[in-house]
Amino acid sequence: MQVGFLTEANKRIGMGHLYRCIALAQAFKKQKYPIVFFIDGYEDLIASLLPDAIIRSFDSIKKDEFRGKLFIDVYSEHLIQYNFIETLNLNLKILIIDAIFSDKIADLNYGLIFKIGFQSYSEQMDAVFSDELDTSLIYSGSNFLIFREEFDDFAPFNVHQTARRVLVSMGGTDPSNLTELVIESLNLISDPLAISIVLGKGFDEKIILRLRYMMEFSHHHIDILQNISNMADVMRQHDFGIINGGNTRFELALLGLPFVSISINENQSKLADRLSANGIGFNLGVFTSLNPEFISSKIHKLLKDWTKRKEMSYEMQQLVQNIGKEKIIAIVENFEKPVFRHVSDEELKDAHAIHAKLVESMLKKGIHQWLYPIPYEKLVERQNKKENYGLFIGNRLTVFLSLIVRFDYHEWSHVLIQPGTYWLNTVSVNVENKQKGLGKLAILMAIRFLLKETGVHELYLDCVVNDGFLVNYYQDLGFEIVSETTAEYKSGTFHLALMRLTF
């Protein structure tokens, strides 16, 4: 099975999308997958890093001859141009998108979507639905950061007390001429520095000439580095980094190299501020609001502050891990389209067994939603009304639940008056599931199913409050507490919450 990559790179959008695809392609190649690239330009770069890769033109994908698993990693503003991909007869369509542009994925019909970027959580699965109940699984979290293969193995980074080796890297193209601004700023620092300027494949020759002119009049030792084969080694030879953003910030964080970033616009600056607040680098701000005096003073202060640089290095290495490629490969290899449907009569005993095992597991954790499993006969009654559903992956039942219509409300009769409301009941996740987030996915698909099949816009449930675990779980899905009460049962007194979702 071939693995394909549809991507783009140029001076305006930079090289990040292409390098991310190359990193993934290298990992798939190690697993013996044939690699195909669909791109216009940079064929020599791809061939140098992936000699066995097949390289085709961007438009050749439209011929509908490729039948493998296709990754799409393009500039987010261009996604609308690739709607035709949804009509191609591919084994699997996979979208890679920067997390900050996740608003662009609404109504997209891909099998898998990976939101790449630093998030405050490690891993999470979500879903987006098309009008036909087709489901795209969305994976996000910092566990999915992607690094090139030279970052796979490295020794612990040593933060030197004296910092004079400075790395300047403004991406593959630097359309805002940030490199010149940085060199001008560093020239204001009197202490002699050893500066390495990394120039990407897309740098304009005029910029390079101006940089060489600036080098002649600098009291620092400045080297220009191009066509670097191992960026990880280059980074590790320095004490401090000055960058724009992109994946470079995560590469430096992975290694533990302290750095500052200069943003090209407000959106990028907001992201950099959020990363700084979490311990990844320090954002100087948008370049249009900065001057060389301010930049040089901030950098000089950090170069002198050994304690701060050690703290930054340690915190970054705790936050960023290099496990994204292996996780993505595992998900892609094991992907089967999730299906939400009625549970058949033959599957009902399996559904009850899943429920019983979950009840046992929850009781051991002190969660008393049920004190004992719902009797099998009760599920048979619901089965006769076609109220039992399941989330199936392949032929395996991963989540069992009931969607019931209630006409009597017992402890909630003082709140609910109108009969015939829909209720989410007996949500039971298979404790043997290895994949996280399937309970949430099943509920989301149940809501979508209800909306499409019945036209209802409200769904109720009640749950035991306990320590708030279940309440918080359903609130994260959009449910709101309507009322609370205390109920007396033979087995004891329970604090209950009535919750409602309007959709």
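## A walk through the parallel sheet

Begin by selecting alanine 194 and, in strand E11, histidine 221, which is its bridge partner. What you have open is a predicted model, and the mean pLDDT of the protein chain is 91, with 97% of its residues reaching 70 or more. If you colour the chain by confidence, look for strand E7 (residues 124-129), where confidence is lowest at a mean of 83, and for strand E12 (residues 240-243), where confidence is highest at 98.

**Strand E10.** Now select residues 194-198, which make up strand E10, a mostly covered strand in which five of five residues are buried. Are the two faces of E10 covered or not? Turn the view to check each in its turn: Ala194, Ser196 and Val198 lie on one side, Ile195 and Ile197 lie on the other, and all of these residues are buried.

**From E10 to E11.** Add strand E11 (residues 221-225), which pairs with E10 in the parallel sense over five bridges. Then show helix H4 (residues 205-216), which together with E10 and E11 makes a right-handed β-α-β unit.

**From E10 to E9.** Next select strand E9 (residues 165-169), which runs parallel to E10 and is joined to it by five bridges. Within this pairing, leucine 167 has serine 196 of E10 as its bridge partner, and Ser196 is one of the buried residues of E10 already visited. Adding helix H3 (residues 178-186) completes another right-handed β-α-β unit, made by E9, H3 and E10.

**From E9 to E12.** Stay with E9 and add E12, to which E9 is joined by four bridges, again with the strands running parallel. Here you can pick out valine 166, which stands opposite phenylalanine 240 in E12.

**The whole sheet.** Which strands form the open sheet, and in what order? Select all six and follow the order E11-E10-E9-E12-E13-E14, in which the pairing is parallel. E11 and strand E14 (282-286) stand at the edges with a single partner strand each, and therefore one side of each is left without a neighbour in the sheet. Looking across the strands, you will find that neighbouring ones are turned by 15 degrees against each other on average, with direction ignored.

**Helix H7.** As a last stop, select helix H7 (residues 266-277), which packs on the sheet and touches strand E13 (259-263) as well as E14. If you compare the direction of H7 with that of E14, the two make an angle of about 160 degrees.

Note on methods: Residues numbered from 1 in each chain as written. Predicted model: local features only at pLDDT ≥ 70, side-chain atom pairs only at ≥ 80, totals over all residues. Heavy atoms only, no water. Buried < 20%, exposed > 50% of the residue type's maximum accessible area, 1.4 Å probe, protein only. Pairing = 2+ DSSP bridges. Right-handed = clockwise from strand over helix to strand, strands pointing away. pLDDT = per-residue confidence, 0-100. Axes fitted to C-alpha atoms, helices over the stretch in contact; angles between N-to-C directions. Contact = heavy atoms within 4.5 Å.
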